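Visitor: Could you take me through one part of this model up close, and then show me how the charged side chains pair up around it? I'd like one connected walk rather than a list.

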Amino acid sequence: MSAPASAAQRDRRAQLQDALARTRDRIAHAAEASGRPRDAVTLIAVTKTYPASDALLLAGLGVRELGENRDQEAAPKAAEVAAAGADVRWHFVGQLQRNKARSVVEYADLVHSVDSVRLAGALAGAAARHRDRPLEVLVQVSIDGDAERGGALAGSADDDRGLERVADEIAGRDALRLAGLMAVAPLGWEPERAFARLAELAAGLRADHPGAGLLSAGMSGDLEAAIAYGATHVRVGSALLGMRSTLR
Ligand SMILES: *Cc1c(COP(=O)(O)O)cnc(C)c1O
């Protein structure tokens, strides 16, 4: 990081600085509009598809929370950022295969996307062996209850995917800490309707698990609605880093 910055790096830094200022403004306005303190909402910069150099520029601009959705990409990026000495925390926000649990627990501080008892078990086993402190975990919940897509299923008695079952499994594991709930607004749903439903689910989870107070909701397109319904963490990619060429 001490090497002289190239012109291209200075341009990219200025671009990220602008986008960051705009995003922080949006968050501040949304918090204010819903009578919540600005610091009730944490920004996670989702750096997927962008290089470690961007993650480092963001860290230099004061962003401490970074997110990724694929282990193959996240593991080397996190290593590069750590090697450069940046002090950041990594949030794993994507669909996770159980055979990646061992890799993810080594760099992730929070995993947002746990939606089955079996995945919780795999993470607990890996965290117990490869970490010296508990892994913070959010249950990803399906807002529309579509079992074909990701997310635990509210009100379901399914042994593997039922929301209560997943939450209880996490809460019962010493190597994990149940931190809260995460969701993505379903396609075709109005964000307000989606996040209102999510707020009900979050209140239900908190009634059973008072320590599970985090609510990870809202992305570039819908963060205002998520904040109005209680999001404590917004996951912002394209509004900060630019449009991705792929759909993820
Ligand atoms: C990519 C991604 C985001 C960020 O999405 P943008 O629309 O680019 O802000 C947030 N959450 C998850 C789970 C993602 O995969």
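Guide: First, a bit of vocabulary: helices here are DSSP runs of H or I with at least four residues, numbered from the N terminus. Keep in mind that this is a predicted model. The part to zoom in on is helix H3, residues 71-83. Just after H3 comes Gly85, with a positive phi of about 85 degrees.

Let's check the helix itself. H3 has 13 residues, and at 1.5 Å a residue they should span 18 Å; the end C-alpha atoms are 18 Å apart, so the expectation and the model agree.

Now for what H3 tucks away. Its buried residues are Asp71, Glu73, Ala74, Lys77, Ala78 and Val81. These cover an arc of only 145 degrees around the axis, so they sit on the same side of H3. What covers them includes helix H2 (52-60), S2, S3 and H4.

You'll notice charged names among those buried residues, including Glu73 and Lys77. Those two are joined with Glu68 in a network of salt bridges. Glu73 and Lys77 belong to the buried set of H3, while Glu68 is in strand S2, which runs over residues 65-68.

S2 has another charged residue to look at, Glu65. Its side chain meets that of Arg89 in a salt bridge, at 3.1 Å from N to O. This pair links distant parts of the chain, with Glu65 in S2 and Arg89 in strand S3 (residues 89-92), 24 residues apart. How buried or exposed are the two partners? Glu65 has 11% relative accessibility, under the 20% cut-off, so it counts as buried. Arg89, at 28%, is partly exposed.

H4 is also part of the cover over H3's buried residues, and H4 has a salt bridge of its own, between Glu106 and Arg102, again given as 3.1 Å from N to O. Here both partners lie in the one helix, H4 (residues 101-107), 4 residues apart, or about one turn. Glu106 is partly exposed, with a relative accessible area of 47%, and Arg102 is partly exposed too, at 48%.

To finish, step away from H3 to the salt bridge between Arg165 and Asp159, where the N to O distance is 2.7 Å. Arg165 is partly exposed at 41% relative accessibility, whereas Asp159, at 52%, counts as exposed. Taken over the model, the count comes to 14 salt bridges.

Key
Residues numbered from 1 in each chain as written. Predicted model: local features only at pLDDT ≥ 70, side-chain atom pairs only at ≥ 80, totals over all residues. Heavy atoms only, no water. Salt bridge = Lys/Arg side-chain N within 4 Å of Asp/Glu carboxyl O. Helix = DSSP H or I, 4+ residues; strand = E, 2+ residues; numbered from the N terminus. Buried < 20%, exposed > 50% of the residue type's maximum accessible area, 1.4 Å probe, protein only. Expected span 1.5 Å × (residues − 1). Arc of directions from axis to C-beta. Contact = heavy atoms within 4.5 Å.
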